Amino acid sequence: MANILIKGGTVVDGKLTPAYRADVRIAGDRIAEIGPDLAPRGDERVVDATGCHVTPGFIEAHTHFDATMWWQDDLNPLPGYGATTIVMGNCGFSCAPISDDKAATQEVINIFSFFEDIAKEPFVSELPWDWRKWSEYKASLTSKVRIPLNYAAYVGHIAIRLAVMGLDAWERTATPLEIERMCELLDDALAAGALGLSTNLLDHDGDDRPVPTMLADDAEYSALFDVLDRYPGSAVQVIIDTFMRMTGPDMVARMGRLLEGKNVRMQWAGLPTLDFQKPVLPSLQVLHDGFKAAGKDYWTAYTHVSPTNTLSLTKSLIFAQSNDYAWHEVVLAETDEEKARLLADPEWRARARESWDTQAWGHSPMNRPDDLLLRNSDNGAGPINLSLSDYMKQAGIAHRSDAMADWVLKNGVKSTIHMAPFPMNEELVIELIRDPMSVGNVSDAGAHAQMFCGPGENMLLFTYYVREGKISIEEAVHVQTGKLAKHFNLKGRGVLEVGAPADVTVFHLDEIERRDERKEFDVPDGKGGITWRYTRDPAPMRLTLVNGEATFDGGEPTGKRPGAFLRPQSDAAYSMAAE
């Protein structure tokens, strides 16, 4: 590990301090000195940061690398985007705990695969599954996997329910004895350094079943929250529905009521920033403002990037999550021949038209044909680079479902259709960037890798919001460094100050961009071959350091793996440091 002197840069310290010119000295894995005109020492590497910003490394607040880090241990392209820490175990999904019930463990895999669009095969071929409790998963992960970023994690409520109840977790509330066992598993995870519990009050699966946590009653949540209350600094993350059935306001109010009187931080996801979500915004805004006025430790998450997706008939949750189960039948069909047969079948086509007209959500892609872009033909037949609406006119096809089926049949069932971004409430995004009780830089990195590329979305905070004068450079850095470190109780992280861990990035504002997505064939398919995912070329950073070691340098990743497991540290408890 080299000692480093970063000279001539502009320091943005992650604490909203006005940017200032200073040099930064790194000694081993710590920041040793910050000041003007520091003299180089004989053993130091000197990095010229003239014209650059020197900031804390960026924290990715919402990722799903729980399993994928076992087979994609470079976490590409995150080092090239200045990221130094990931938070995983989100949305109620985690790889532990599990039980001896193989069917229940398979459900853990199925859930990740469906909701996060992660192929099932690598779960089986690449993970050792040599754990039952979350503490054992953590021990296996920290001993067997080396990655270039630090990582912290929630334990997933869905995994806990399946470990205790087996497949019954999908069907019913828990008994008192089952709740007691869930509490034991949560206690094990918190003692081992989990950030807290993540739960899910949003999702329905491909058979329209609500996820197991939606069957948890108040008694189950109260008992789990009592366990969290015993660990000062613990947190619960609650995923709510502002996308489909719009139950979010009721669920946030319910969680707030159940947490009353408990010393538990809540992150709820979150105040909606997309235009189609505006009907539920006022009631959620009232809740958020009321929580703040009452001094509650309840934080809203948000995204500064409008989601965009790729509709695929090979693997996609978009149809089911849009309440369109006719087209989801095609996704579930096992062979290309069966998919093509369905697309051509008059009876299926009639059901598909009816589904798009009467079942799919009004804001879904099915009802936005102007924003469905035909741009990826598998066989090159075309036409491409036009909207579904344009194709309807060109081909003389009256219904948008028939037109999409026709185009896919001509271009091959492995063809994909790109969904344009939803319009955003940009004014609200800027308000949330400045809100002291908000969690930003939510990207879903590690998931949906054949639909979009989450890593790198943090650059828009600089390349759009800062360059366009909408927020300051200090705000852009703060919302993905010091603010997030405070929220997750990652003491010392997210700030540039003497004695802090040397998670640092250096970049020139005129050089960085959120690069376009491109395909990378590096994902094991579980059959001895590989398949593809979306990634991006580096932004690039001039330098990214994790615990004092360069993970991105000279325009490319270094291949170093200095990342460490981080456990939360409140002022009152969690005496153990980063391991």
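**Packing, cavities and backbone geometry in a predicted model**

In helix α4, the buried residues are His157, Ile158, Ala159, Ile160, Arg161, Leu162, Ala163 and Met165. The model examined here is a predicted one, and this helix makes a welcoming place to start. Spanning residues 157-165, α4 is mostly covered, with eight of its nine residues buried. The elements against which these buried residues pack include three helices, namely α1 (102-116), α5 (176-191) and α6 (218-229). Two strands, β10 (155-156) and β11 (196-200), also take part in this packing. Just after α4 comes Gly166, where phi is positive, near 65°.

From one helix, the view can be widened to the protein interior. In soluble globular proteins, nonpolar side chains tend to be buried together. Here, the largest nonpolar core comprises 145 residues. Within that core, the residues with the most contacts are Met69, Phe123, Trp134, Trp327, Met404 and Phe462. A separate core, lying apart from the largest one, has 20 residues, including Ile4, Val54, Val506 and Ala550. Met404, one of the well-connected members of the largest core, offers a closer look at the packing. Once neighbours within four places in sequence are set aside, Met404 is in contact with Leu311, Phe319, Trp327, Trp356, Leu372, Leu388 and Ile417. Trp327 thus appears both among the contacts of Met404 and among the residues with the most contacts in the core.

Two strand residues illustrate opposite ends of the accessibility scale. Thr55 belongs to strand β5, which covers residues 53-56, and is buried because its relative accessibility is 0%. Beyond the neighbours within four places in sequence, the contacts of Thr55 are Val12, Val477, Leu496, Asp503, Val504, Thr505 and Phe507. Ile530, by contrast, is found in strand β23 (residues 530-536) and counts as exposed, its relative accessibility being 52%. With neighbours within four places again left out, Ile530 touches Phe521, Val523, Pro524 and Asp525. Ile530 and Pro282 are 248 residues apart along the chain, and their C-alpha atoms are separated by 47 Å.

The cysteines can be considered next. A disulfide is a covalent bond between the sulfur atoms of two cysteines. The structure contains zero disulfides. For Cys91, the closest cysteine sulfur is that of Cys95, and no bond is formed because the two sulfurs are 13 Å apart, whereas a disulfide requires a pair within 2.5 Å. Cys91 is also buried, with a relative accessibility of 9%. Cys183 is likewise buried, at 13% relative accessibility.

Empty space inside the model was examined as well. Three cavities of 30 Å³ or more are present, and the largest cavity holds about 50 Å³ of space. Its lining is made up of Tyr154, Leu195, Gly233, Ala235, Arg265, His487, Phe488, Asn489 and Pro568. Sorted by class, this lining has five nonpolar residues, three polar residues and one charged residue.

One of these lining residues, Asn489, leads on to the backbone. Phi of Asn489 is positive, near 55°, in a residue other than glycine. Asn489 sits in the loop that runs between α18 (482-487) and β21 (504-507), and counts as buried because its relative accessibility is 10%. A second asparagine, Asn323, also has a positive phi, near 70°. The loop holding Asn323 lies between α9 (318-321) and α10 (325-332). Asn323 too is buried, its relative accessible area being 13%.

Two cis peptide bonds complete this tour of the backbone. Ala269 and Gly270 are joined by a cis peptide bond with omega of about -15°, and Gly270 is located in the loop between β13 (265-269) and α8 (281-293). Gly382 and Pro383 are linked by another cis peptide bond, with omega of about 0°. Pro383 is part of the loop between β16 (372-376) and β17 (386-387).

How values were computed:
Residues numbered from 1 in each chain as written. Predicted model: local features only at pLDDT ≥ 70, side-chain atom pairs only at ≥ 80, totals over all residues. Heavy atoms only, no water. Buried < 20%, exposed > 50% of the residue type's maximum accessible area, 1.4 Å probe, protein only. Core = buried A, V, L, I, M, F, W, Y, C linked by side-chain atoms within 4.5 Å. Contact = heavy atoms within 4.5 Å. 1 Å grid on protein atoms, 1.4 Å probe; cavity = no way out; pocket = protein on both sides within 12 Å on 5 of 7 lines; lining within 4 Å. Points joined across faces, edges and corners; volume = space filled by probe spheres on them. Nonpolar A, V, L, I, M, F, W, Y, C, P; charged D, E, K, R; others polar. Helix = DSSP H or I, 4+ residues; strand = E, 2+ residues; numbered from the N terminus.
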